[in-house]
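Subject: Structure handover

Hi,

Here is the structure I promised to pass on. Have a look at it first, and then read on for what turned up.

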Amino acid sequence: MVWCCRDMMGGFNHYVVVKFKDGVAVEELTEGLVKMISGIEHVKSFQWGKDIGGPDFLRQGFTHAFLMTFNGKEEFDAFQSHPNHVEFSKLFSPAVENILVLDFPPTIVKA
């Protein structure tokens, strides 16, 4: 039996997994994303990474993962409508071939 609990701080996660279109300057996009995130106070933390080569049948073409954490759903909602996010989305969205987005309050198993 596994014991776990909801994050008592009311946290909220925004998890994005992306397959970029061929020819996209991914480094420039991630640099822009980091710059955009640093200018938005609602984001508590931000992590990203590139897949290091798992089996293709598991990856399904996805190559990059991005995780943002917020103090709560209200902070996430404010981020979604923040002008910097809205503007950056106009650059990011056309570069994406496929995307998976999960928004969820975390369940902490081991802190």
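How many helices and strands are there in the protein chain? There are four helices and six strands, and from the N terminus on they run β-β-α-β-α-β-α-α-β-β. Please keep in mind that this is a predicted model.

Some overall numbers first. The C-alpha trace spans about 45 × 35 × 15 Å along its principal axes. The chain has 111 residues, and 30% of them count as buried. Take the contacts between residues at least 6 apart in sequence: 80% of those join residues at least 24 apart.

Now to α1, which covers residues 26–38. This helix has 13 residues, and its first and last C-alpha atoms are 18 Å apart, close to the 18 Å expected at 1.5 Å a residue. Its buried residues are V26, L29, T30, L33, M36 and I37. Looking down the axis of α1, you will find them within an arc of 120°, so they line one face of the helix. That fits the usual geometry: an α-helix has 3.6 residues a turn, so residues three or four places apart point the same way. Turned away from the buried side is a face with the exposed residues E27, E28, E31, K35 and S38. As for partners, the buried residues of α1 pack against β2 (12–20), β3 (45–50), β4 (64–70), α3 (73–80) and α4.

The other helix I spent time on is α4 (residues 83–92). H85, F88 and F92 are its buried residues. They cover an arc of only 70° around the axis, which puts them on the same side of α4. P83 and K90, on the other side, are exposed. The buried residues of α4 pack against β2, α1, β4, α3 and β5.

Which residues touch the most other members of the largest nonpolar core? They are F20, F79 and F92, in a core of 20 residues. At least two core residues come from each of β2, α1, β4, α3 and α4, and α1 has the largest share, with five.

F79 is a good place to zoom in. Leaving out residues up to four places away in sequence, F79 touches H14, M36, I37, I40, H42, V43, M68, F70 and H85. That list includes H85, a residue of α4. Is H85 buried or exposed? H85 has a relative accessible area of 13%, under the 20% cut-off, so H85 is buried. With the same sequence neighbours left out, H85 touches M36, I40, F79 and Q80.

H85 also turns up at the largest pocket, where H14, V16, H85, S89 and F92 lie nearest the centre among the 14 lining residues. The space in this pocket comes to about 250 Å³. Which helix gives the most to the lining of the largest pocket? That is α4, with four residues. At least two lining residues come from each of β2, α1, β4, α4 and β5 (96–104).

A few single residues are worth a click as well:

- Q60 sits in the loop between α2 (56–59) and β4. Q60 is not a glycine, yet its phi is positive, at about 55°. Most residues other than glycine have a negative phi. With 58% relative accessibility, Q60 counts as exposed.
- V24 is in the loop between β2 and α1, and counts as partly exposed at 24% relative accessibility. V24 and V96 are 72 residues apart in sequence, but their C-alpha atoms are 8.7 Å apart in space. Beyond residues up to four places away in sequence, V24 touches L29 and A95.
- A78 belongs to helix α3 and is partly exposed, with a relative accessible area of 25%. Between A78 and I40 the C-alpha separation is 9.5 Å, with their positions 38 residues apart in sequence.

If you open one view only, I'd centre it on H85: this residue is buried, touches F79 and is one of the residues nearest the centre of the largest pocket.

Cheers

Methods:
Residues numbered from 1 in each chain as written. Predicted model: local features only at pLDDT ≥ 70, side-chain atom pairs only at ≥ 80, totals over all residues. Heavy atoms only, no water. Buried < 20%, exposed > 50% of the residue type's maximum accessible area, 1.4 Å probe, protein only. Contact = heavy atoms within 4.5 Å. Expected span 1.5 Å × (residues − 1). Arc of directions from axis to C-beta. Core = buried A, V, L, I, M, F, W, Y, C linked by side-chain atoms within 4.5 Å. 1 Å grid on protein atoms, 1.4 Å probe; cavity = no way out; pocket = protein on both sides within 12 Å on 5 of 7 lines; lining within 4 Å. Points joined across faces, edges and corners; volume = space filled by probe spheres on them.
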